[in-house]
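Me: I should like to learn how to read the features of a structural model, one at a time. May we work through an example together?

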Amino acid sequence: MAERYSSFEKGGRRWLWQRITAAFLVVVLAFHFFLLHFVNHADEVSFLASSARMTDLTYYSLMVLFLITATFHGVNGVYNALENQGLSGTKKRVVKYTLIAASVVLVVQGIRTANAWAGLPTF
Amino acid sequence: MYEHDVIVVGAGGAGLRAAIAAQEEGADVAIVSKLHPVRSHTGAAEGGINAALREGDSWEDHAYDTMKGSDYLGDAPAIETLCKDSPKEVIQLEHWGMAFSREDDGRVSQRPFGGLSFPRTTYAGAETGHQLLHTMYEQLVKRGITVYDEWYVSDLAVTDEERPEDRTCHGVVAYDIQSGELSGFRAKEGVILATGGLGQVFEHTTNAVANTGDGVAMAYRAGVPIEDMEFIQFHPTSLPSTGVLISEGVRGEGGILYNAEGERFMYEYGYASNDGELASRDVVARAELNEVGEGRGIDDEYVHLDMRHLGEERITDRLENILHLAKDFEGVDGLEEPMPVKPGQHYAMGGIETDENGETCVGGLYAAGECACASVHGSNRLGGNALPELIVFGKRAGAHAAGKDLGTAEIETGQRGDYELGELDTPVQPGEVEPAGGEGDAVADGGVAAETGSGDGHDIVERAVVRERERVQSLMEKDDGVQHAEIRSDVQDSMTEHVNVFREEDGLKQALEDIAEARERYQDVFVKDPSRTFNTDLIQTLETRNILDLAEAITLGALARDEFRGAHWRAEHQERRDEEWLKHTMLSWNDGTPELWYKPVLLEGEDKEYEPKIRSY
Amino acid sequence: MSTQVPETETETEAETDVEHSEPLAPAQEERMRKKAEARADREERARREAAERADDDEDTYHLKVFRFDPEVEGKQEPRFDDFHVPYEKGMTVLDALIYARDTFDSSLTFRHSCRQAICGSDALFINGRQRLGCKTQLSDLDQPVRVEPLPHADVEKDLVVDMDHFYDQMEAVEPYFDADELPDGELEEQRQTRENREKVKMSTRCIWCGACMSSCNIAAGNNEYLGPAAINKAYRFAMDEREGEDRKQHRLNILEQENGVWRCQTQFSCTEVCPKDIPLTEHIQELKREAVKNNLKFW
Amino acid sequence: MSQSYDRGLVEDFGRWREFSAGMWAWVFHKFTGWVLVGYLFTHIAVLSTAISAAGQTQAIAAENDVYTTVIVALESLLVVRILEVGLLAVAVFHILNGCRLLLVDLGVGLESQDKSFYASLILTGAIVVASVPTFLAGVF
Ligand SMILES: Cc1cc2nc3c(=O)[nH]c(=O)nc-3n(C[C@H](O)[C@H](O)[C@H](O)COP(=O)(O)OP(=O)(O)OC[C@H]3O[C@@H](n4cnc5c(N)ncnc54)[C@H](O)[C@@H]3O)c2cc1C
Ligand code: HEM
Ligand code: SF4
Ligand code: F3S
Ligand code: FES
């Protein structure tokens, strides 16, 4: 019997975080879109303008948090989708670590970019 | 070959309860069933379970009502056992989590039912059987009891001593429907038949397609007497087009029957001036057919059952399922319009003769549930009395088979001592086409007892397997002939025409002739589907054989009993004749030449004697 | 539909290289061959007649029924057979199948028993949707009525699928009542409020037909997912106040497994096909919230 | 996975015709989700040109640093603008349906889940159409 639900990892926490990040993203993503497409038009982008926004600490933190939540939400979503297709065993482990690695790269690269604008060290 | 202490055939309410009881007594028990347990027809029961649970009610009252309902053809020891054990067993179900309807104080609800002097029908909406069946299956899962599901039991492995009373049952032969494997199941301590009803003998029935009376027919052919077969209950409220049942609960809650003229005929024409719609089922069924016969039916076929006045709230609370059934199967909205209803075959009061411990006269062979006849229902079953029968006698049979001492039974089984033989003038010779004759025919037809009485249980089962294998082989090997479906539907039609609510001598004789002809044709039956995987053609062909034997038994009983009692009505004899007929109609297969005999009714209870009275409602 | 496999009208023209799943005795093989021939003739005739009747008589229904048998020549390749069944008012898909079987081809195989939507044997894929044959009126369907076995399950033969996996999942949630303690007296019942019975009522209606499981894409993709019916079964007990707290805790632990409630992606198709109108998605969602609440307590 | 008997094309393909609202919502949500992650990775990749632009004070002031040039070049392409509108559609649908799903998780409005799905679709369409001018501004 137990084998049917043998995986003793609880899925609940990730499920909940997926919802929490989603709720957060609704607000931030709307803000992001609005700011960069309606207030500032996309074709008017320049390093200076981006830089000006990023030096504001609140904006900087918000964007970093945005990046992290979006990455978690997106990557976790992808992982879930694969799991739903019955991915298991070694394959699943490989996928899991690949995704984690990709996320780390993404977040690091994102933070470096933000730092570049904010005039902070980019490692 | 599979081996267990106790083998239970059938997984409806009776079979499940028996298995649980046997296991509680420490036996290694297995269920063999042609349907997965939750598909059993017990799930279709709607109305409820009778049990004297409350202040003001008592098992004695329940017993009295049951005896009266039976028209004094029930055996008092069986009835009293039922009524005494029922409360405990119902509460047991509650303890197992069954989702009964509830009162405000949190106790289980009870409602009035036909023929009861107290509202003692415990229920779960209008889906009591479903809840009961699932609750018990859940307990089976909990206990890890082995179930061989989709195994069709085709014969019993019984020794062949001269007298059935000396025979012993060592197991069964079953056919794995999924794979086509035929295998023996040896039962070291006992076989319990719990195969349910035989509604498929009739064309219009509330019973499932799987209710072909296999257990009764198998036991009959193995020599066990079958009892009171002529008593078939026709339920007054089934939907005309499908036979789907509209529960008595509707009338219990206050539903009213109207004829085409809009008259409340149960009162208007004096069919049951006290209880009206809640009179016993046989009374209501006859009243309806009378109305139709007198030209006051609707479409010359049915009458109306109206529950609109109960109000939407009450209906959805207690009878919601009825709304769905009326809608899905007759296209009628019970909240908006009256529902068309007519009588349909519903229940077989008779069956395999057992005592109050569920034991038959063949050693190690038990029966419980609708296929058995301990005789609690006599000539007419009260609504809500079958489900308690399942749990009470299912449990007793299971426990007894597993070795529990339940005391000596008061009901005697088998042809013991002096018994009265019946005489019957039949137009054709009933029974086997070539009785006990050519080896080949017996094989093709199935069901004579094993060759010799010697050998241990293992050999007996092995031999039965070999015989069944030959029978299946021969059915499969024929390339042409008659298909069972034709035979089956002809018999069903004939039964519905001649052995219905109203029975006339000529009709009954006609039915016997039709059955004999069907038997002839069955000699040429063949299975067209060559596959061994899930061959339902084969299974149904085997079932049809059972239908033939039972149709004949019912008709023989009906012809013999020239009186009007309970569900059995004879045009020529419209009164109850207690001087002559306070006895059970018994039928023994007698290796292919059925023998009719009688056994007196036991009206003497524990501390009172039930005095036959006029049954009026 | 364009995606159907081509239909073969007769069985004899199928290729003769028989590859049985298990070796058959020569006698059996011979018998099968002979039967196949005899049958092909007769059925051809019956069907042709019926088709002719169909042309001049409007009152027939055209059924296309999925056929497959692992051991019968000509049926090893799945195909669709056509049946023209005379229509009577109130006829259901099950009635039509029974008619077709009893009149045209007795080897047509499907499970059925109660004819009243309570035994759960005849969940089928009818015109692209999981439905009970006995509860589906022909008059509600477009012709031709396409009848197939439940998707996402092994087909055993014709319309019969292997239900074992479904049963396993149902039984994996410990589907039995188990009160922490019972009232003392043998005749003393446990009390349950009307509200509580009302709460679990719908969940107790399940007839184990498997329609929901078959309709769920997640269950199709991931065999370890408990599936809507099993979760609903667990709901039935977890929400029953007669069982104690410990037991509920244990039930939530089962449901919280990775392949428990979290796999549900709220597709709602289970809820839509359930012949007993059980609000499955709602029950699953409620259990997710229960599980979250339950875990928050320990954070 | 269950070893289903291969019913050829009958089994899976073509089922979409019979999909109901909830299933379509699921399919779209999945699709849009994947597009969004894909975009997130690309987006960061493009933006990270800013890392090499950093420190080139003069170029930045002249607005011809790597980052600015790349972005401006991209934004001047019609395809990119059209893709951006697509991205908006995808994001808006994902957000709206995401909100629908959040409500479903909270047990709100389960009976009208199909209606809320259609509402998400319609609203997405409206928002996208309304934003086309802004998105395409300056490209011609
Ligand atoms: C529509 C309807 C409503 C009813 N309502 C009520 C009610 O409200 N109250 C009440 O008290 N009674 C009611 N009854 C009567 C009662 O439900 C039945 O008498 C009772 O359920 C029979 O139960 P059972 O266990 O004997 O048989 P079933 O539940 O019919 O089970 C028979 C079992 O035997 C198995 N079986 C049969 N033949 C074979 C074989 N050859 N090999 C292997 N297995 C076999 C089947 O698979 C099945 O599991 C109703 C009956 C019907 C039809
Ligand atoms: C802006 C608000 C957003 C909301 C409200 C939202 C909502 C959701 C929700 C509720 C889910 C879970 C679906 C389920 O498990 O049933 C989900 C899945 C997903 N989301 Fe989002 N999301 C948002 C933004 C994003 C962004 C920015 C990305 C990309 C980085 C993204 C990528 C994904 C992915 C890949 C999935 C998994 C899809 C799948 O099931 O295959 N989402 N989203
Ligand atoms: S939940 Fe509904 S669809 Fe699923 S098995 Fe039960 S009754 Fe069938
Ligand atoms: S269809 Fe499947 S995804 Fe959930 S809502 Fe039903 S279980
Ligand atoms: S035949 Fe029982 S559910 Fe359809």
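Me: In which loop of chain B is D228(B) found?

Reply: This is a predicted model, and the features discussed here are to be read in that light. D228(B) sits in the loop between β10 (226-227) and β11 (232-238) of chain B.

Me: What is the sign of phi at D228(B), positive or negative?

Reply: As a general idea, most residues other than glycine have a negative phi. In this structure, D228(B) is a residue other than glycine with a positive phi, near 50°.

Me: Which residues does the cis peptide bond of chain C join?

Reply: The general expectation is that most peptide bonds are trans. Here a cis peptide bond joins Q143(C) and P144(C), with omega at about -10°. P144(C) belongs to the loop between β4 and β5 (145-148) of chain C.

Me: Into which domains is chain C divided?

Reply: A domain may be made of more than one segment, as the ranges here show: domain 1 of chain C covers 38-161, whereas domain 2 covers 164-180 + 193-295. The centres of the two domains, taken over C-alpha atoms, are 32 Å apart.

Me: How many residues of each domain of chain C are in contact with the other domain?

Reply: An interface can be described by its residues, its buried area and its polar pairs. Twelve residues of domain 1 of chain C are in contact with 13 residues of domain 2 of chain C. The area buried between these domains is about 990 Å², and carbon and sulfur atoms give 54% of that area. On the side of domain 1 of chain C, R129(C), Q130(C) and H152(C) supply 44% of the area buried against domain 2, more than any other three residues.

Me: How many salt bridges and how many residue pairs in polar contact are there between domain 1 and domain 2 of chain C?

Reply: The rule finds zero salt bridges across this interface, while five residue pairs are in polar contact between the two domains. Strand β4 (residues 129-132) of chain C gives the most to the side of domain 1 that touches domain 2, with three residues. By class, that side of domain 1 of chain C has seven nonpolar, three polar and two charged residues.

Me: How many residues do chain B and chain C each bring to their contact?

Reply: The approach used for two domains serves for two chains as well. Chain B brings 80 residues to the contact and chain C brings 73. The buried area between chain B and chain C is about 6400 Å², with 44% given by carbon and sulfur atoms. In chain B, the residues that lose the most area to chain C are R39(B), K528(B) and P530(B), together 12% of what that side buries.

Me: How many salt bridges are counted between chain B and chain C?

Reply: The count between chain B and chain C is 13 salt bridges. R194(C) and D317(B) form a salt bridge, with their closest N and O atoms 3.9 Å apart. That pair qualifies because the rule accepts a nitrogen to oxygen distance within 4 Å. The interface of chain B and chain C also has 45 residue pairs in polar contact.

Me: Which element gives the largest share of the side of chain B that touches chain C?

Reply: Several elements give two or more residues to that side of chain B, among them α3 (76-95), α4 (128-143) and α16 (536-560). The largest share, eight residues, comes from α4(B). By class, the side of chain B that touches chain C has 26 nonpolar, 28 polar and 26 charged residues.

Me: Which helices of chain A do R14(A) and E83(A) link?

Reply: A salt bridge can also be read within one chain. The side chains of R14(A) and E83(A) meet in a salt bridge at 3.5 Å, N to O. R14(A) lies in helix α1 (residues 12-39) and E83(A) in helix α3 (residues 57-84) of chain A, 69 residues apart, and the pair thus links distant parts of the chain. Over all chains, the count comes to 92 salt bridges.

Me: Which residues come nearest to ligand 1?

Reply: A ligand site may be read from its shell of residues and then from its polar atoms. Of the 39 residues around ligand 1, S40(B), T42(B), G47(B), E370(B) and L387(B) come nearest. A polar backbone atom of A14(B) is 3.0 Å from an oxygen atom of ligand 1, and a polar backbone atom of K34(B) is 3.0 Å from a nitrogen atom of ligand 1.

Me: How do the residues of the shell around ligand 4 divide by class?

Reply: The shell around ligand 4 has eight nonpolar, five polar and no charged residues. Of the 13 residues around ligand 4, those that come nearest are C216(C), C264(C), Q265(C), S269(C) and C270(C). The elements that give two or more residues to this shell are α9 (269-273) and α10 (280-296) of chain C.

Notes:
Residues numbered from 1 in each chain as written. Chains lettered and ligands numbered in written order. Predicted model: local features only at pLDDT ≥ 70, side-chain atom pairs only at ≥ 80, totals over all residues. Heavy atoms only, no water. Domains from an automatic or database assignment. Contact = heavy atoms within 4.5 Å. Buried area = accessible area lost by both parts, 1.4 Å probe. Polar contact = N/O pair within 3.5 Å; in protein donor to acceptor, adjacent residues only side chain to side chain. Helix = DSSP H or I, 4+ residues; strand = E, 2+ residues; numbered from the N terminus. Nonpolar A, V, L, I, M, F, W, Y, C, P; charged D, E, K, R; others polar. Near = heavy atom within 4 Å.
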